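Work through the exercises below with the model open. Try each task before reading its solution.

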Amino acid sequence: MENKNHFLRLEDIYKIFGHTIALQGMSLDINQGEIIGLVGPNGAGKSTLMKVITGVYPIEKGRIVFDVEVNTDSYDANQAKRAGIACAYQELSLCSNLSVYENFMVNHLDHKPFGKMGWRKEAMVVSDEYLSEIFPNHGIDVKTKVSDLSLSQRQMVEIARAASYKGLKLLVLDEPTSSLTSNRIIQLHESIKKLADTGVSIIYISHKLDEIDQACDQVVIMKGGSCTWSGHISETSTEQIVELLGGEVKTSSSRGEHVDNKNDTVLEITDLCAGQLKNVNLAVRKGEIVGIAGLAGSGQKALLKEIYSSGFRSKHSAIKLKSEISYVSGDRNNEGVFKLWNIKDNILVSSLKKSVSKGLINRKKYDENAQFWYDKLKFKAEGIDDDITSLSGGNQQKALIARGLANDSDLIIMNDPTCGVDIETKQEIYKLFEEAKEQGKAVILHSTEDLEMEQCDRVYVLHDGEVISELKGAEINVKNLVTASFKEITGNTRSSSSAADENQSGIKDRLLSLLKSRSFLPIFTFLLIMGINIALKPRVLSYNGLTLLLGSAVPLVFIALGQMFLVVSGGIDMGNGMAVGMVNVIVAFTVLNTPGLGVLFLILFIMMYGAMGAMIHLTKIPAIVVTLGASFIWLGLGLIISPTPGGIAPTWLKAIFSFKFPFIPMPLVISALAAFLTFWILKRSKYGMIINGVGSNPAAISRAGWSHLVAMVVIYMVSGLMVVLAGLSVTAVANGGDTNAYANYQMLSIATIILGGCEFKGGISSPVGVVAGALAISSISAMLTFLKINSNLQTAVTGFILIAALAIKLVTKKGEAK
């Protein structure tokens, strides 16, 4: 791979975070068509360097040179993208609330707000093709939400999305195989070699040195934020690289030495059938490491979770657990670290009782316990009080392993514990396994690396949810594991009724899907309450009856939809009630008397909402604080316009709300239009995809070149527009203005979006559900009046009804999780 054209040169790069120097004097030359293997211990600065190259992190000092030197002060993700640089990040830069194809399109679509007709269908086809280019027969439905994919499938999407960038010149792969199976790794290696043949440069970061040897031309070793050795792959060996990293290759010395003793059994499973699992039988004894292996998706993780959850049940017919249990996950982002906590709290969260004295936490003992594990696992940080998110991925993983060991459980489940950690740390973890064995503890180990199973005394191999083989001692090697994983289960034939069973199962799945839909509960609640109202007062079903009953729901529809947009972005509006009151008096007084000035005021109000979004983004002040402060501004401005109630709704506004639409009352028409419009914005429009993405993973949106600031301004302006529509609605319904009359909308809007199927994190929304929820909540007061409930009790009864509906939602959600 000699005599290649230069693509990028980094010279003397420095990057500092507080007191930590992540990169110091790092230099790197990248030539066209070259595959560079970048290795180094956890905390060496590898991921930081990649984020410098991709424009995510600015640098304190150094030069970045393409054909010409770039201005490092202005170098950002957009400039890197224009230069042809794409990255598959170790922590995955995917938006879990978006579908697979939408995640591809976040990277590929232009930044115009609207897409051309049919762009979604075209995107599905193109995304599937992109995936197939890197991972043939990938088996991923591109319409599936990323949150529903396995970790391995998410990593495949992350890699294929980065590799699919048009004009690609440099592809950065940061720990790309940490969750991939061996056949997917082979596919990836073949694909990147093809890319290199076309002139694309590759930076391949991995702790798996055998992969570096198989896939790369050059090797660069980093330690302490700088390059300590570089050269052609032929100039070194795996053993030499390990030595250069400061470690040595070790293997378990006590494998298979444990003598079977049924009295030592800590876990026994007999004929376990649960979900994917079928007739699973296994036993785990003290002082041994038991592996759970098989092809990806064969039920390994489902089995581990069944075992762990049995520790919290009073009785499980198939699982007999005879000790306390702890769990360590390799999926640290979703199942591991508490991101707002420091290192010591993350380590000791499951072993607090060891630091308790007289019912209270003894701070000295607490810090000593944390320091013991901090020193034992050799964390690379300033101390135990450092934020967990300030650590590299491998050091975060150390915190999870320390957590699993610190609570003195006799059975420890290790679910891919070495995911994304370096060679030296792996050896330290293996040593901990051996220490646990010597102490009489049992370890259940699952790993995406078949080679890691050689640390085990026994290995159970799963296929399609069943245990098909058990390997012991010297039998445990990669060849035997692969052979066993592909072994077919004998005597497993389909019954004659299987087709009928599958058909029934399909009907059941569709019914369950309907019941789990986010809009089902609010729609059902609305129809139930309406049914009760009609039964109590049949005339409600008339055109005029429905108009009167639902007319008061329209303001809540709009204000709840405005609240929904903020919640989607990760915020909340604690001042929307006062904002509606201010808009109400603007319409009832200013718009009525001087329409031009009134419209100008409403436009300025929407712009002020946009300014709030910008302020929240730029200052990082929580939305709850900013919007609560704004509520006093809205109240003050409203009182300046009209200190006392009064005014009147403009004639044109009353005409709109009193319009006799054929067959369907106007409140229902307006509500349906609001649901359709907001559904289109959030679920069908191109920019709606970006809005949803901001709520799930704003860093991923920024890395794709979209402006997080602009997105926040747009979101808040749309919310402001909804508040204006709510203000117009209350003016039409009340036929007057009163600044103080609508403060209760603040809490009602929050209750509505919760009932409507929205979540306060993750960018999860349901416009149809929110509208149905608003109609349901507004109908409750009429139902209570018809039932002759004392008006003083109506608010309390309304609360109880909402709590009951939300309890049903919670039970449904738990059932879905199972």
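**Exercise 1.** Which residue in strand 11 is the bridge partner of Ile269?

*Solution.* The partner is Leu282 in strand 11. Now widen the view. The model is predicted: local features need pLDDT of at least 70, and side-chain atom pairs count only at pLDDT 80 or more, while totals for chains, interfaces and linings use all residues. Residues are numbered from 1 along each chain as its sequence is written, and side-chain values use heavy atoms, without hydrogens and water. Helices (H or I, at least four residues) and strands (E, at least two) are DSSP runs, numbered from the N terminus. Strand 10 (residues 265–274) and strand 11 run antiparallel, joined by six bridges. Two strands count as paired if DSSP finds at least two bridges between them.

**Exercise 2.** Place strand 10 and strand 11 in their sheet, and find the edges.

*Solution.* The sheet is open, with three strands in the order 11-10-13 and antiparallel pairing. Strand 11 (277–285) and strand 13 (319–321) are the edges; each has a single partner strand, so one side of each lacks a neighbour in the sheet. The twist averages 10° from one strand to the next. Axes are lines fitted to C-alpha atoms, for helices over the stretch in contact, and angles run from 0 to 180 degrees between N-to-C directions. Helix 9 packs on this sheet, in contact (heavy atoms within 4.5 Å) with strand 10, strand 11 and strand 13. Its direction makes about 120° with that of strand 10.

**Exercise 3.** Follow helix 9 to the sheet of six strands.

*Solution.* This open sheet has the order 14-17-18-12-19-20 and mixed pairing. Strand 14 (325–329) and strand 20 (466–472) stand at its edges. Helix 9 (residues 300–310) lies across strands including strand 12, strand 14 and strand 19, at about 145° to strand 14. Helix 13 (residues 393–406) lies across strand 14 and strand 17, at about 175° to strand 14. Strand 12 (residues 289–294) pairs with strand 19 (residues 458–463) in the parallel sense, over five bridges. Ile292 stands opposite Tyr460 there.

**Exercise 4.** Is Glu211 buried or exposed?

*Solution.* Glu211 lies in helix 7 (residues 209–215). Its relative accessible area is 4%, so Glu211 is buried. The classes are buried under 20%, exposed over 50% and partly exposed in between (1.4 Å probe, protein chains only). Among the residues that Glu211 touches are Ile185, His189 and Tyr204.

Terms used:
Lists of a residue's contacts leave out its neighbours within four places in sequence.
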